[in-house]
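Q: Could you take me through the hollow spots in this protein, one at a time? I'd like a close look at what lines them.

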Amino acid sequence: MIAPALRLELRRSRALVGGLVLVVVGYGGFMAAFYPTLAKNTAALDEYLKILPREFLVAFGMEGSLADPGVFFTTYVGSWLWPIVAAIAAIVLATRVSAADTDRGWIELPLATPLSRTRYLLIAIAVQAIALALLAVAAVAAVVGVGAISGAGFDAGRFFLVTPLAFAFACTIAAVTTLLGVVTMSRGAASGAVAGGLIAMYLLDIVAKIEPSLDALGALSAFRYFRPTPIIDRGEFPFGDLALFSVVAVAAWAASLWAFRRRDLIA
Amino acid sequence: MANAIEIRGLTKYYGRRRGVIDIDVAVGEGEVFGFLGPNGAGKTTTIRMLLGFIRPTAGRATILGLDAWRDAPTVHRRLAYLSGEPYFLGELTAGQLLDYAAELRGLERGAWRSLAERLELDPTVRLRALSHGSRQKVGVAQLFMGREPLLVMDEPTTGLDPLMQRVFLALVAEARAAGRTVFLSSHNLPEVERSCDRVAIIREGRLFDVRTVQGLLGEHWRSVNLVLGTPPAAGTFGLPNVELLASTGRDVHLMVRGDIKPLLQRIAALDVRDVAIATPDIEDVFLGFYNGEAGAVAEATPAVGETRR
């Protein structure tokens, strides 16, 4: 009984995932195609960036030369495209099977069968993980692939090392959203809380970077732990950050399963 | 006869809001049991507790001997359910949806085909393109396609046309003949009257009465209009359960409550030219309950797990 439920959840997710894959491939590929031009004009570009406020540069992760592959990826994908795409996918998928399906009444059909609540939500979590893994791979592969064609000279190995961290970052968003969706049984409330929380953490990270006296506050932001630049530029993989995201994600999903088994299925 | 469903002191509050209070019902195996009440009376809340979708605040429901909340996945192996407002994914065709439900219940894909034919349901049409009535047919096909011993349905005929309602009633009769238990929530009174052995009446979250349909109807007043060849002699209709409302020569209007046989024996001895007996339908009875006229309904024959308040 798991197979049909998994097949259906994958089917329900394919339009969203397909659309977002097009977005990450299109945007990431487009930026990678321009990278050789950026690299050739580094000096002029650096002069141009000097006229922009530091806060603006920090906000978009431009903490160094854009000709630097790590800064380039962080600026255009890591601190901009990926958080948005990951949040959209995570929020839509994570609130669907609990809050949205309960509200619509769809949940009553599968859960009136021998399929247990735990298995039903586990299937949904598996689909979230599959979708986010696909998107993370697509986002990096687009940059690396188009970069190879355009002669960007990216180190593919180091770029692909970003994938597990990007995946774990997205899974953390999905897991927390799943938990909020199960607890509130409201897609709007869960989505709003997570989106608001992400925006708040993004701003907190920027403020902490701009104002050294508030640096400690930055530790509260998930964006502090999603830093592709050292991985790409120096090959330093942040095992601690990966572990932190993984622990939060697994804990939130486990709490979701626990709550989903015990709560009333009413929106 | 063992009980397929036993509900004892079942109570549900949503915060301070009343769901149902202290419901006691037992439904025998093989019985077709109606659960009657207006919107908001607590029918769906009770059914959701039977399905283990919501947890009782107090009391307990057991299905085929298993706890409805704690053992829900095991209970669900032995029942089929049709929700009151079924939502189906619009991107699926009716056939895909039914195959999905069949696989989850451990049935063969296509187990629904004969039912789809009976219900004149085109399985190739996407659910988003189906009318409300046609989507309800999908729900009915989904409900009856297995062999589970218990069928639980919440307002199953909403949106079905009279022809399809007839098919539905035939399916319920077949389920009964196969020894399956049916728990049917409805405010469609004729449907309950035609299909159920017993009914429970729920009002404002509380169980008001449980009795046989026969008892509910049989103990009620009936109107008897006679046209006789000759005026009747005085005292002809002097029976304890008969009231003579009007007698104008050869035309007689009587009201009879309960057993009609003694009156029919008296009538048979007369020169009857015409007779019309108007049986109150269950709607009249039901409205009587809600208008506070429940006292007009006498005690019914006790049946399995019957309660009266």
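A: Sure. Keep in mind that this is a predicted model. Let's start with the enclosed spaces: there are three cavities of 30 Å³ or more in the structure, and the largest of them comes to about 80 Å³. Both chains help to wall it in. From chain A you get A:Gly105, A:Trp106, A:Glu108 and A:Leu109, while chain B brings B:Tyr81, B:Leu82, B:Ser83, B:Pro86, B:Tyr87, B:Phe88 and B:Gln142. If you'd rather think in elements, helix 5 (108-111) of chain A and strand 6 (79-82) of chain B are the ones that put two or more residues into that lining. Sorted by class, the cavity lining has seven nonpolar residues, three polar ones and one charged one.

Now for the open side of things. The largest pocket has a volume of about 770 Å³, and 31 residues line it. Look for its centre and you'll find B:Thr44, B:Thr45, B:Arg48, B:Glu85 and B:Asp154 lying nearest. Helix 1 (43-50) of chain B supplies at least two residues of the lining, as do strand 2 (17-28) of chain B and helix 4 (69-104) of chain A. Helix 1 of chain B is the top contributor here, giving four residues. As for the chemistry, the pocket lining splits into 13 polar, 10 charged and eight nonpolar residues.

Notes. Residues numbered from 1 in each chain as written. Chains lettered and ligands numbered in written order. Predicted model: local features only at pLDDT ≥ 70, side-chain atom pairs only at ≥ 80, totals over all residues. Heavy atoms only, no water. 1 Å grid on protein atoms, 1.4 Å probe; cavity = no way out; pocket = protein on both sides within 12 Å on 5 of 7 lines; lining within 4 Å. Points joined across faces, edges and corners; volume = space filled by probe spheres on them. Nonpolar A, V, L, I, M, F, W, Y, C, P; charged D, E, K, R; others polar.
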